[in-house]
Amino acid sequence: MVTPDEAIDAIRGTGGAQPGSRALHAKGTLYRGTFTATPEASGLSRAKHLDGSTVPALIRFSNGSGNPKQRDGLPGVRGMAVKLSLPDGSTTDVSAQTARLFVSSTPDGFVDLLKAMRPGPTAPLRMAKYFLTHPRLLGALPILREANKVPASYATIEYHGLHAFRWIAADGSARFVRYHWVPEAAGKAVQGQGFDGPDFLTDELNARLAGGPVRFDLRAQIAGPDDSTVDPSAPWRSSQLVTAGTLEITGLDAEREHGGDIVVFDPMRVTDGIEPSDDPVLRFRSLAYSASVKLRTGVDRGPEAPHI
Ligand code: HEM
């Protein structure tokens with residue numbers, strides 16, 4: 001299997017993995033808020049942040065590119081990473097982005113795609129070869145194209161968690177779910193603002209927040225019998241969606257990532273009542289994120305990293 005350093009090298013080949021920045025999703029902004037779960041969620045998982053009490057949340061909206069100076073007006077996936085605080089002082093993360101499906105079922109497939117994408121005269125040939133050897137990706141192209149569209153606002157688009165997690169209830173019953181963040185606000189950018197600068201998505205969100213909180217519902221899609229729990233590139237048939245809670249974003253975070261503070265949103269950071277699936281992409285992400293943290297901060301994550 002590909003190593004995290006090979007993944008970072010392949011990301012570097014596409015212009016990402018720049019020193020001092022996240023290897024991907026390099027440009028982003030941290031926000032504060034709260035999350036409150038619904039009784040439906042409490043019935044499906046015994047996780048403490050799903051017991052219905054309001055918990056603090058740290059949110060990072062990001063541009064998927066590895067270029068920390070990427071203009072917001074360029075196409076590409078956008079990220080929404082959420083860290084929820086638990087009563088015992090620990091945290092659990094929900095990492096999501098605008099694509100409904102991941103481009104590959106394995107870390108190796110993703111790294112091969114990054115290598116094929118490396119800019120240069122042979123890039124079209126490499127990409128053609130990649131599509132020929134990964135024909136399923138062709139079918140996913142409309143979904144990926146949609147996810148890469150430049151949005152009017154971070155606050156009006158859906159973000160998807162892609163991996164399956166096993167929710168275990170207080171009575172021991174269990175089911176696999178996929179996460180979706182669904183915005184309360186629809187459509188356009190807030191009125192009366194000329195948002196066309198390189199950071200217009202952050203500018204728009206800040207202006208929107210000046211008028212009140214921005215909300216997203218967390219929807220848990222419950223796996224049906226034929227839905228893959230290990231392949232984030234495979235769509236799910238199940239239409240069973242439960243509103244698990246509401247995230248209320250209130251404003252910019254001014255505290256984190258200053259003076260050596262390191263924030264990592266790691267989807268493997270689960271808590272009692274939630275287990276990661278055996279999705280190889282999910283498990284690899286933790287390792288790749290540690291390599292990225294080392295690159296951007298010079299620090300080994302050590303015990304901070306979830307146990308894989
Ligand atoms: C093998 C597959 C993947 C690799 C190698 C990879 C790599 C990376 C790396 C290196 C970072 C920077 C981490 C940091 O420095 O903290 C990152 C960030 C991120 N990735 Fe991935 N990623 C993968 C799959 C995914 C998937 C499937 C999603 C879908 C939810 C995703 C969503 C995100 C988001 C939202 C961020 C930004 C987190 C933040 O704001 O701190 N990634 N990715």
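This passage looks at the ligand surroundings and at one helix pair in a predicted model.

Start with the ligand. Its shell counts 25 residues, and the ones that come nearest are Arg22, Arg60, Tyr289, Ser292 and Arg296. Three of these put polar side-chain atoms up against it. For Arg22, an N or O atom of the side chain sits 2.6 Å from a ligand oxygen. Arg60 does much the same job of pairing with oxygen, with a polar side-chain atom 2.7 Å from an oxygen atom of the ligand. Tyr289 picks out a nitrogen atom of the ligand instead, and its polar side-chain atom lies 2.7 Å away.

As for where the shell comes from, strand S3 (78-85), strand S4 (91-97) and helix H7 (280-297) each chip in at least two residues. H7 gives the largest share, with 7 residues. By residue class, the shell around the ligand breaks down into 13 nonpolar, 8 polar and 4 charged.

Now for the helix pair. Packed helices are described by the angle between their axes and the distance between those axes. For helix H1 (residues 4-13) and helix H3 (residues 107-117), the angle is about 25° and the axes are 8 Å apart. Angles under 35 degrees count as roughly parallel, so H1 and H3 are roughly parallel to each other. The crossing of H1 past H3 is left-handed. On the H1 side, the contact uses Glu6, Ala7, Ala10 and Ile11, while H3 brings Val111, Leu114 and Lys115. Sorted by class, the residues of this contact come out as 5 nonpolar and 2 charged, with no polar ones.

Terms used
Residues numbered from 1 in each chain as written. Predicted model: local features only at pLDDT ≥ 70, side-chain atom pairs only at ≥ 80, totals over all residues. Heavy atoms only, no water. Near = heavy atom within 4 Å. Polar contact = N/O pair within 3.5 Å; in protein donor to acceptor, adjacent residues only side chain to side chain. Helix = DSSP H or I, 4+ residues; strand = E, 2+ residues; numbered from the N terminus. Nonpolar A, V, L, I, M, F, W, Y, C, P; charged D, E, K, R; others polar. Axes fitted to C-alpha atoms, helices over the stretch in contact; angles between N-to-C directions. Parallel < 35°, antiparallel > 145°, perpendicular 65-115°, else oblique. Left-handed = near helix turned anticlockwise from the far one by under 90°. Contact = heavy atoms within 4.5 Å.
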